[in-house]
Amino acid sequence: MTTRLLFCLLLVTIHVQAGDFRVGAAKVDITPKDGTPLGGYYKFRGSAGVLDPLYAKTIVVEQDGTHAVIVVLDLSGTVRPVVEAARKAIQEQCGIEGDHVMISGTHTHTGPQQPRGSLMDDITKVNSPPGVSYISALPGLIAQSVKQAKSRLVPATASAAIGKAEGISFNRRVLREGVKEAIWQPKSLTALDKPAGPVDPDVGVLVFQSGGKPVASFLNFAMHPTSVGGGVKISADYPGVFTRLVSERQGTSMISVFANGCCGNINHTDYITGKRRSTQELGTALADAADAAWPSLKTVTTFKPRIRSEQVTLTRKKFTEAQIEKAKDMAANMFTKNFGTVPMAETVCILETLDKKNVPLLGEVQVIAFSDELAIVALPGEIFVELGLAIKKASPFKHTLIAELANGSVGYVPNREAYPQGNYEVVSSRAEAGSGEKLVEVALKLLGEIKSKD
């Protein structure tokens, strides 16, 4: 038998043995009962009414018995205990390895608070019976979403495109001439003011089709979902409008999932004009951007999912005795006086750091790929946009989509240049300067490992 014939037979054998690339999607309602503590702000808000429901949305990808799971929750973020409990339930109920599961939050500020093991638990009353009841049920609901998605696996193809949404996201940190500290969410600007950093206008669109019809879409954009405001009615904010409109326009049976990109310093307020778009306007603008990108969708060649993750140890910030004493004094009066967001954030950070000084600050970086052209990176916190752009620029993949607040959270993660500029995100950050760059380094390492795998 000739070498050429042997090679052809080997190719035929590989083709026969390779199973279908399959995709399934599902969503499970996770809307809380009235009275459940809400997150997003430094105060207690008990939910009262629903503007629109919250979901745990899931996409399961499988080939040859290897699964990758993407879950996005309409919540302010994720905490490690909930992620670990959900992964355990998924492994037991669905037979999918826990470390093959990515769980992120959209960062809506009008959804339930999750326990953070800090003074915030007392401030938001997440440790009250309604809060405990909600969080206790959450891992089971996440597993239910994954179980349903897995039961719906069908042979599918994947296609991707990158749209643009210009002029709806803004860097919320401003540098002013003669002022050392960055201005956070300024009410007005002068002619000499400038944004402290860029934005990321990319709208990632990943679509899975079966039989010529869309089964699921994974949508990606970087911007804080704070358009509903600090009320007490439940809402998925603009991600809810965005995903609903995409499904209505492109395929009503399609489940659209939105993962927020690196938006730690990105808001929707135009600080030049003072204009604030409504939730409906923001979701519609992003759906329009996805519509514009839809004709540009290009099929990507898929393979068995590849997943890598690494627990990264970050160094906690250090504080002086004077800072610690000031924080203790403020904490003693925090429940009767309103000190403002920035001082309260700094106090919570200092006291949490003091309380956990002997506990490692761990964050998981995870990478999922099922094509040589596209990868998804999961990062553990509110990541500054500069860090996300650095990953995208250096990634070996044509398309790199990033989900922040995934698999737990270490809080705000500014880039190194932001630390001397101070203000809200910096004083809120639990990790020292350079931590964000460390996460970028690990993400790029994992991307390289997956890309180079035979």
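These legends describe close-up views of helix 2, a five-stranded sheet, strand 17 and two loop residues in a predicted model.

The model is predicted, and local features need pLDDT of at least 70, side-chain atom pairs count only at pLDDT 80 or more, while totals for chains, interfaces and linings use all residues. Residues are numbered from 1 along each chain as its sequence is written, and side-chain values use heavy atoms, with hydrogens and water left out.

**View 1. Helix 2 (residues 80-94) and its buried side.** Helices and strands are DSSP runs numbered from the N terminus (helices H or I, at least four residues; strands E, at least two). At 1.5 Å a residue, the 15 residues of helix 2 should span 21 Å, and its end C-alpha atoms are 20 Å apart, which agrees; the expected span is 1.5 Å times one less than the number of residues. Val82, Val83, Ala86, Arg87, Ala89, Ile90 and Cys94 of helix 2 are buried. These residues cover an arc of only 165° around the axis, which puts them on the same side of helix 2; the arc is that of the directions from the helix axis to the C-beta atoms. Buried means under 20% relative accessible area, exposed over 50%, and partly exposed in between (1.4 Å probe, protein chains only).

**View 2. Surroundings of helix 2.** Strand 4 (101-105), helix 4 (129-151) and strand 17 (361-371) are among the elements that cover the buried residues of helix 2, where contact means heavy atoms within 4.5 Å. On the face turned away from the buried side, helix 2 carries the exposed residues Pro81, Lys88 and Glu92. Gly95, just after helix 2, takes a positive phi of about 70°.

**View 3. An open sheet of five strands.** The strand order is 13-12-11-6-15, and the pairing is mixed; two strands pair if DSSP finds at least two bridges between them. Strand 13 (255-260) and strand 15 (298-300) are the edge strands, each pairing on one side only. On average, neighbouring strands of this sheet are turned by 25° against each other, direction ignored. Strand 12 (residues 213-221) pairs with strand 13 in the parallel sense over six bridges, and Leu219 stands opposite Phe258 in strand 13. Helix 6 (residues 279-293) lies across strand 6 (157-164), strand 11 (202-210) and strand 12, and runs at about 120° to strand 6. Axes are lines fitted to C-alpha atoms, for helices over the stretch in contact, and angles run from 0 to 180 degrees between N-to-C directions.

**View 4. Strand 17 and its two antiparallel partners.** Ten of the eleven residues of strand 17 are buried, so this strand is largely enclosed by the rest of the structure. Strand 16 (residues 302-314) pairs with strand 17 in the antiparallel sense over ten bridges, and Gln311 stands opposite Glu364 in strand 17. Strand 18 (residues 374-378) runs antiparallel to strand 17 and is joined to it by five bridges. Val367 stands opposite Val377 in strand 18. Two residues lie between strand 17 and strand 18, which form a hairpin.

**View 5. Positive phi at Gln185 and Leu405.** Gln185, in the loop between strand 9 (183-184) and strand 10 (194-195), has a phi near 50°, a positive value in a residue other than glycine. At 29% relative accessibility, Gln185 counts as partly exposed. Leu405 lies in the loop between strand 20 (399-403) and strand 21 (412-413), and its phi is also positive, near 50°. Leu405 is buried, with a relative accessible area of 3%.
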